[in-house]
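Let's take a friendly walk through this model together. Have the structure open beside you as you read.

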Amino acid sequence: MDAILLQVLNGLDKGSAYALIALGLTLIFGTLGVVNFAHGALFMLGAFCAVTLQKILTISFEVVDPTRLDFLGNPLKVKTPYVVSWFGEAAGNGIIAWSVPLAILFAIPVMIAIGFAMERGLIKHFYKRPHADQILVTFGLAIVLQEIIKYFFGANPIPTPAPPAFTGSFDFGVLLGFDPNVIIYPYWRLVYFAFSAVIIGCVFAFLQFTTFGMVVRAGMADRETVGLLGINIDKRFTIMFGLAAAVAGVAGVMYAPINSPNYHMGMDFLVLSFVVVVVGGMGSLPGAVLAGFLLGILESFASMNEIKSILPGIDQIIIYLVAIIILLTRPRGLMGRKGVMED
Amino acid sequence: MIKSHLTRRGVLKTGSVAGAGLAVPTIFTASSAAAYTNEPTGNTVTLGFNVPQTGPYADEGADELRAYELAVEHLNGEGDGGMLNTFTSKALTGNGILGKKVAFVTGDTQTKSDAARASAKSMIEKDGAIMITGGSSSGVAVAVQGLCQEAGVIFMAGLTHSNDTTGKDKKANGFRHFFNAFMSGAALAPVLVKNYGADRNAYHLTADYTWGWTQQESIQAATEALGWSTVNNVLTPLASTDFSSYIAPVLNSGADVLVLNHYGGNMVNSLTQAVQFGLKDKMVNGKQFEIVVPLYSELMAKGAGASIKGILGSTNWSWTLQDEGTKAFVKSFGTKYGFPPSNAAQTCYAQTLLYADAAERAGTFNPCGLGAALEGFEFDGLGNGPTLYRAADHQCFKDVLVMQGKQDPTSEYDALEIVEVTPRAQVEYSPEHPMFAGGELGSCNPGA
Amino acid sequence: MFGLTKKDTLLLIVVAILTMAAPFLLNPFPSGSAMAQFNAGYPDLMQRFVIYGLFAIGFNLLFGLTGYLSFGHAAFLGVGSYSAVWMFKLLSMNVIPAIILSVIVAALFSLLIGFISLRRSGIYFSILTLAFAQMSFNLAYSVLTPITNGETGLQITLDDPRILGVSRTESGGIPVTNLFGAEMRSTYEMHVGSWLFQFNTGYYLCAVLMLLGFYLSIRIFRSPFGMMLRAVKSNQNRLRYTGLNTKPYTLAAFVISGMYAGLAGGLLACMDPLAGAERMQWTASGEVVLMTILGGAGTLLGPVLGAGFIKYFENIFSKINDTILHQWFSALPDGLEDAMVFLVHPFIGKGWSLTLGITFMLVVIFLPGGLIEGGQRIGRLFRRRTAKPAPDSAPSSTPAE
């Protein structure tokens, strides 16, 4: 029982990550009809926003300390970040430690700008092109973005820790009357979960309750008619692309402490996010969220030893297995609409 | 000998083929002019450095490449000579190898056995490389070693830690300087017992592929022999990035030590996440909970950042050692590149020197003669103390370092400190040890 | 000739000549010269060109004709390789049984996957095939290690129980793959001046099979069956309303294309008896998609061009390092030399994938029909220059798009 509860918790957290990544992808799919293979790269760029901010905050001046030697026997150059010298030891290090949450403020404008630039500069010209061309161009773009990041940051993962206040875990088990240490959960993941819920909620509210969102939803349903009504749908699509990029970006920022960013992390998530979106059903935002949680929870269950001893290797394939079963029983995923990306 | 027909680019640089416009068909037979694959006939000899340049291990590959370039410099008599000055064998004089200037070609393994073999083949077929070296994973090392055996060139393994490389997949043309999973276990277990006590329950998370399995098997055997018990061993998919569902049940399992048999990105993520769970601060069974990472690399330690503090693991070598060889190497590497070398770089540098030295001593590049010169070779001065290249399995035997994440690093390259230098005798094993059984070297293949 | 139209015959003959003369054509620079780096005429890469060409031709039969975008084709390549290596291990080092088994196994595997996946269309189909391939990859890497040898890849060892043939040669080595005694790796070298041309047995076996595959693909493109597949692409619903069951056609195309992939996988193993799990990874499936689109989906020759293009980058550009750059620019004054090296450096060696990514984007932006369209444009330009307007003689290799 406690083990199951624990994995449900794990699954919810994993699911919120999946849902958040898939959300942006399905926005682009649904509104623009573009297969965006660069979406994983956007997620990666988000994570590197956190890295960049951390690097900016730790820009240092060097003071030679003749009493200590570096590895070559020369006097050691001690680096002190400017932030520390400006704000004092405690406050300065505090700011650096909070670089990941701060990076959200930094990432949102950056990612929106990147999204705008991508849509205006490249994607716009591919709306009427076959999906194959979209795949090739966005895949090429993803490689280029990755390689640029690799050129500046290297291939090694870069540690981007969460603020020290969030180290350690919260003991759910005690709340529910179990023994201590039975159901624990890291604080940062609770933050991630709450954050995802808020972002997902915001996106839904935006699409549901604003005029802008209404037009976009109408555009998703029938783009031609909306265009005929004299509404400038193109401009709105640009904004949607920026929004999708920002959602992917902040997902990346918040994920950075869980998964040290490296330049190819986007590719690792790309396939997964496609599977989530398609299982959820093309063009359906609630579907993507639902599928994210479903796959997250099932994946967590599959990692339990009790299950692995019956079905060895099940945790290796569970996501794909579930995807196959769902697509075979529900032709358009969980909540897909007819006719979207079916030809 | 098998008739290897892997071809040579041969001699053209020197213009020794005078018959311009004349087609000279040479079907290779046993009577062919060349005595062995890619016999260098000009005044240069080409080595092939096959390292990951793209993919997750690209930075490790880059460091290996730096070490190779440094080694080539030193072999050709440029730079300060590095470990050539401290190496106990004095056959190398800085005029190349056997009087031929050392040239090199580079390739990208992508950490995929297919790509690595393609790259190695192009070096052999197109560039006339006489030796292939490098690699950053055991899968690639074993695959390229097999290729070199068939092609008739020497393979000097780079970073490969699986028992199989010199165990069931050993090859007569392949040589490994790096240590292996068994040695990690043998070196680490006594230190673990000394630090954490003999009454411990270990929980293993193991990367679900060959290296992970051998690493887990080795460390489990070594710790159990000293009184630890193993609570559980859970296999994690290689593609995992989120280990939370594997880490969460650890605390409730009765275990008080978590062993992460992961490498590279897997290790960075699983360690970071385990620390995020607060495992290091927990008390279980009245004891402080501990985390162990059997195989460390400097780059991965860097990737894990502060999470690594206080965590025990093992490495092949460390730039913080104080012997003459290490100091000479760190000095020339540090002067050239501005930061200290990783243990992957050291093994690659040492391998290049060992190859060159063996060629000098054998008086030939022929893989058979050269291999014989390496077999049973005892040497010192390359940073690892007295070392033996064992003839039975082409594995180097030397001291193993037990390392710990440093509490107060002075720079980003200073993440690890030496806890103990485990003497060679303690990590030695018989070539027939069950963890290494099942393969055989076969006979050396000079190709051609 | 061969049941082909005149134009198709011409195309086939041109392709045949090009492949047969590849050892010359791909080695335009004298070895030892600074440009020799760009020579691609060595056995391994030539083999890869034709094998991946074959793979892409097969993929194009499915994608180019029916529009069904499979994202799991690498799985068939992988099982083909595994079957071939197992055949070497258990039966004989002769490549014929290995090739036959790899095609059969790939056919059965693709029949199974195709039968299930083709119940859906569009992106749902793509994800189904992707899911099957990823499952195969993940299992091959871990749980199925006894069959696949996991991370290391399935290799031939000294103690394989080979029924027809010896476990090891007299000299204690592993026997090599051969075709009735003709070793796949044997190479005939021809020195002409400072040029070196290599004629490799394995390459010619692959080339002949690739030509056969190419011929078959032309026949399929031009057959009523091919017409039916194209009808599926343009409007499957309308076809269904006419009372036609399209599934047998698409399934047949899927299986044929899977057999091409299996043949390619088998040939890879014949040239180099190792089968690694990463051959089945989604990136490998993605690669053949990119090859086909890059070259020109739905064209006869495009996929082969795309395959050659990508493999060339992977194998040639990745090997250019700074030392070579310095050699190239050594004629320039020192400062300029360093500047040039600095400028070119990000695009070569470890930056080869950056160059590839940029090329993808440039090609798809400026040549919507892929590389083949580039060829046609050059062709048109050429014809305009020579002032011979001949609209009828436009290359017939772009029937679909």
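We start with chain A, then turn to the nonpolar core and to the contact between chains A and C.

Keep in mind that this is a predicted model. Chain A is built from 15 helices and four strands. Its radius of gyration is 22 Å, close to the 20 Å that the globule rule gives for 343 residues, so chain A is as compact as a globular protein of that length. If you lay the C-alpha trace of chain A along its principal axes, it spans about 75 × 50 × 35 Å. Of the 343 residues in chain A, 54% are buried. Among contacts in this chain with a separation of 6 or more, 74% join residues 24 or more positions apart.

Now look at the largest nonpolar core, which has 373 residues. The members that touch the most others are L23(A), V247(A), V275(A), L258(B), F55(C), I127(C) and A264(C). In chain B, domain 1 (12–179 + 322–393) and domain 2 (182–315 + 418–426) each give at least three residues to this core.

V275(A) is a good residue to zoom in on. Setting aside neighbours within four places in sequence, V275(A) is in contact with I319(A) and A323(A), and also with I127(C) and A131(C).

That brings us to where chains A and C meet: 35 residues of chain C are in contact with 33 residues of chain A. On the chain C side, the elements giving two or more residues are α6 (122–141), α11 (282–295) and α15 (352–366). The largest share, 11 residues, comes from α6(C). By class, this side of chain C has 25 nonpolar, eight polar and two charged residues.

Terms used. Residues are numbered from 1 along each chain as its sequence is written. Chains are lettered from A and ligands numbered from 1 in the order in which they are written. This is a predicted model: local features need pLDDT of at least 70, side-chain atom pairs count only at pLDDT 80 or more; totals for chains, interfaces and linings use all residues. The radius of gyration is taken over C-alpha atoms; the globule rule is 2.2 Å times the number of residues to the power 0.38. A residue is buried if 20 or more other C-beta atoms lie within 10 Å of its own, exposed if 12 or fewer, and partly exposed in between; C-beta atoms are placed from the backbone. Two residues are in contact if their C-beta atoms, placed from the backbone, lie within 7 Å. A nonpolar core is a set of buried Ala, Val, Leu, Ile, Met, Phe, Trp, Tyr and Cys residues joined through C-beta atoms within 7 Å. Domain bounds come from an automatic or database domain assignment. Ala, Val, Leu, Ile, Met, Phe, Trp, Tyr, Cys and Pro count as nonpolar, Asp, Glu, Lys and Arg as charged, and the others, Gly among them, as polar.
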